[in-house]
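Subject: Handing over the structure

Hi,

Here is the structure I promised to pass on. Have a look at it first, and then read my notes below.

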Amino acid sequence: MADSLPEQVTLAGNKNVQVLQADRAASFNDIRQNSSWRPYEATHTASLETSLWLKVEIENKSREPVDIHLYSNYDYTTVYHQNGRQKETLINGYYVPLSERANPSDPTFTKLRLSPLQSSLVYVKLDIENLKPRDTPVLFSELGYWEAYVSHYDDQTYAIGFIYFYIISLITISIFALVFWLRVREKLYFYYLGYLLFQLVYGFLTLRNTMAPIGNFFEYNPSLAFDLFEPIQFLFIGFYVLFILQLLKIESYDKLLAKILFYLGLLCFLYAITNFAVSYFLLNGKYAVRIFYIVRYIILPANFILIFWIIYKVKHPLLIYFIIGQTFFFIGALLSTYVAYTGMNFIPGHFFNFKESPNIIFQIGLLAEVYCFSLALGKNTFLLQQDKEKANKELIDQLKENQHLQKTMNRKLDEIVQKKTQELIRLYSEIEREKTQKTKDDFLKKIKETEMMALRSQMNPHFIFNSMNAIKNLIMTSRNEDAIIYLDDFASLLREILQNSNRKKITVEEELEILELYLSLEQSRMGKNFNYVIEVDSKEALSQFEIPPLLLQPIVENAIWHGLHPSLKAEKRLTITFDTSKDLKIIIEDNGIGRKASEKSKRLHNSMGTTIVQDRLTLYNHLNDLAIYLQITDLEEDNRALGTRITLTYKY
């Protein structure tokens with residue numbers, strides 16, 4: 001009877017309450033239709049695979065709404081009941097996210113409101129995620145609820161106060177560790193910072209299980225908090241192992257021990273990640289308690305062995321801090337494990353019967369250890385300063401000794417210098433002779449290059465003279481338009497020649513462009529009876545070969561002016577072939593009067609083109625690793641001149 005409910009009514013053993021054990025996947029409709037209900041006793045409890053369903057009818061005979069409160073410390077408590085004309089489903093419990101709870105302020109109390117003159121059949125589904133002892137559900141009146149709520153909060157006051165003290169202490173020390181690490185960037189402070197930060201997360205995870213008003217942000221994802229609880233502890237233990245490895249400089253005392261500790265730290269990280277992944281994605285909290293004890297049965301004896309090994313091998317000045325801190329840690333770890341294993345924290349009136357007592361006992365040991373290591377870091381800074389002063393003193397002594405050694409060595413060096421002076425004078429004389437000979441050789445090479453430039457400068461006036469003579473001839477024969485075209489092309493050609501005048505080498509492809517421009521000038525001067533053909537396999541292949549600039553033009557000019565121009569043949573033909581099948585071979589062939597007839601003819605000025613080309617090739621071959629050979633062949637048939645062939649062969 002809701003309107004006459006006493007302060008509290010225990011549902012277990014109440015004749016009006018029935019119970020049903022069913023699979024967790026069973027739906028509410030399946031439960032309502034089930035006929036296997038029986039009286040509810042305290043021995044009935046939920047398991048990891050099954051849910052515990054309670055059924056009770058509650059009636060409000062008064063004319064006012066009545067609020068009653070269901071207390072249940074199960075991980076999931078789901079209540080189905082009729083509130084007026086509406087059917088309500090209320091979810092509460094430690095594993096329910098804060099945003100989904102029926103009572104955000106307390107996961108154990110679920111408020112049920114009954115309308116006036118209403119009778120409601122209430123179904124309660126109880127589920128667990130871990131196998132810790134559970135209280136049987138209780139119904140409280142409004143007054144009884146507030147008394148119980150205040151009593152629960154009072155029971156947790158000291159526990160909440162210590163956890164806040166633990167968190168604030170770690171935050172304060174973490175700030176100092178962070179500042180040290182940012183200044184010195186040493187692994188020691190980085191590992192200590194990781195050790196503190198994951199302890200801090202562990203503190204917030206513990207705070208989640210209390211009624212603390214501030215900092216309970218893990219309440220928004222309690223399932224994640226449960227899966228993180230074990231991994232977080234091994235993460236800070238892993239950082240702790242690496243921190244001790246650096247603090248005590250264990251590698252300098254025992255390399256095997258240092259290697260074992262290093263891999264132990266990595267093993268802690270690996271176990272933390274694996275435990276979280278398996279718990280979160282596969283087991284969903286199953287076997288958590290069993291894994292908890294199995295791991296500690298393994299890790300605690302191994303830690304004892306390593307601690308005694310460290311004490312036996314390491315003689316570091318900070319070892320005493322490690323021993324004291326480790327003692328606090330093990331006392332807290334062993335006592336908290338024992339309390340959790342024996343269930344002392346659930347025995348009413350027991351000394352350890354307070355909220356989160358195993359975790360708080362462990363945190364007391366951790367915090368004492370943190371204080372010890374904070375003192376150790378301060379002592380370490382003092383030792384480093386002492387080592388620095390000692391090193392400075394040793395450095396000063398070493399400098400004094402070095403000065404004495406330097407004086408002694410200077411005397412010995414003077415003797416050695418005197419002995420070596422004569423040998424150096426002799427070597428210097430030889431070097432001077434070699435240097436003089438090298439200077440002479442360089443000078444001769446420079447002379448050759450100067451001669452090369454002089455020959456090149458002779459070529460340009462020779463070509464310009466012939467070109468100006470051609471323009472004059474066009475003007476005198478009243479071919480003014482041809483003269484203008486010729487003059488424009490001549491200007492373009494002259495610009496190309498001037499651009500290449502200071503270069504020692506150009507590619508054959510560039511030389512061909514100048515040659516084509518020159519031949520177009522000569523064709524416009526001589527008329528349609530002069531034809532030329534240029535045969536090239538590949539212009540890209542010509543870019544691989546280099547020759548002196550303006551090498552081919554004088555040869556072609558000589559063939560035109562002294563071979564083709566005096567010829568009386570109806571067709572004056574010039575063929576230029578670039579053969580790149582093997583090495584480069586350039587063949588210039590004309591059907592002119594030939595060399596013999598040309599030598600007999602009289603000129604106002606002697607042709608210097610062929611002579612200059614031969615001289616340039618001689619100098620070029622002297623100054624370079626490759627050579628260009630010139631061959632002149634007279635083409636004859638029955639003692640009759642058919643022309644001249646000039647062959648340039650490019651050889652490495």
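I'll begin with L405, which sits in helix 8. Keep in mind throughout that this is a predicted model. L405 comes out as partly exposed, because its relative accessible area is 41%, and buried would require a value under 20%. Together with M409, L413, I416 and V417, L405 makes a nonpolar surface patch of about 450 Å².

Now for the inside. In general, nonpolar side chains in soluble globular proteins tend to be buried together. Here the largest nonpolar core has 71 residues, and the members that touch the most others are Y192, L248 and I250. Several helices feed this core with at least two residues each: helix 2 (142-184), helix 3 (187-207), helix 4 (222-247), helix 5 (255-283), helix 6 (288-313), helix 7 (319-342) and helix 8 (357-476). Helix 4 is the top contributor, with 16 residues. If you want to see how one of the hubs is wired, centre your view on I250: leaving aside residues up to four places away in sequence, I250 touches I244, L245, L257, A258, L261, I310 and V314. There is also another core, lying apart from the largest one, with 43 residues that include I471, M526, V556 and L617.

K249 is worth a click too. Most residues other than glycine have a negative phi. K249 goes the other way, with a positive phi near 50°. K249 lies in the loop between helix 4 and helix 5, and counts as partly exposed because its relative accessibility is 46%.

On to the charges. How many salt bridges does a search of the whole structure find? The total is 14. These are the ones I'd look at:

- R208 with E219: their side chains meet at 3.7 Å, N to O. Both R208 and E219 lie in the loop between helix 3 and helix 4, so this pair ties together parts that are eleven residues apart in sequence. Both ends are under cover: R208 is buried, at 7% relative accessible area, and E219 is buried, at 6%.
- K313 with D254: the side chains form a salt bridge at 4.0 Å, N to O. This one links distant parts of the chain, with K313 in helix 6 and D254 in the loop between helix 4 and helix 5, 59 residues apart. K313 is partly exposed, with a relative accessible area of 35%, whereas D254 is buried, at 12%.
- R645 with E589: the closest N and O atoms are 3.0 Å apart. Again distant parts of the chain are linked, here R645 in strand 17 (residues 640-651) and E589 in strand 15 (residues 585-590), 56 residues apart. R645 counts as partly exposed at 30% relative accessibility, and E589 is partly exposed as well, at 29%.
- R24, K125 and D127: these residues are linked in a network of salt bridges.

Then the strands. Which one is mostly covered? That is strand 14 (residues 572-579), where six of the eight residues are buried. Strand 14 pairs in the parallel sense with strand 12 (residues 530-536) over seven bridges, and in that neighbourhood Y532 stands opposite L574 of strand 14. Strand 14 also pairs with strand 15, this time in the antiparallel sense and over six bridges. T577 has I587 in strand 15 as its bridge partner, and a hairpin of five residues joins strand 14 to strand 15.

Finally, take a look at strand 16 (residues 627-637), which pairs with strand 17 in the antiparallel sense over eleven bridges. L630 has L648 in strand 17 as its bridge partner. Strand 16 and strand 17 form a hairpin with two residues between them, and D638 in that turn has a positive phi of about 55°. N639 also has a positive phi, about 60°, without being a glycine. N639 is found in the loop between strand 16 and strand 17, and it is exposed, because its relative accessible area is 77%, where the cut-off is over 50%.

Shout if anything is unclear.

Cheers

Note on methods: Residues are numbered from 1 along each chain as its sequence is written. This is a predicted model: local features need pLDDT of at least 70, side-chain atom pairs count only at pLDDT 80 or more; totals for chains, interfaces and linings use all residues. Side-chain values use heavy atoms; hydrogens and water are left out. A nonpolar core is a set of buried Ala, Val, Leu, Ile, Met, Phe, Trp, Tyr and Cys residues joined through side-chain atoms within 4.5 Å. Buried means under 20% relative accessible area, exposed over 50%, partly exposed in between (1.4 Å probe, protein chains only). Helices (H or I, at least four residues) and strands (E, at least two) are DSSP runs, numbered from the N terminus. Contact means heavy atoms within 4.5 Å. Patches are made of residues with over 30% relative accessible area and no salt bridge: like charges are joined within 9 Å, nonpolar side chains (Val, Leu, Ile, Met, Phe, Trp, Tyr) within 5 Å. Accessible areas come from the Shrake-Rupley method with a 1.4 Å probe; for residues, only the protein chains shown count as cover. Two strands pair if DSSP finds at least two bridges between them.
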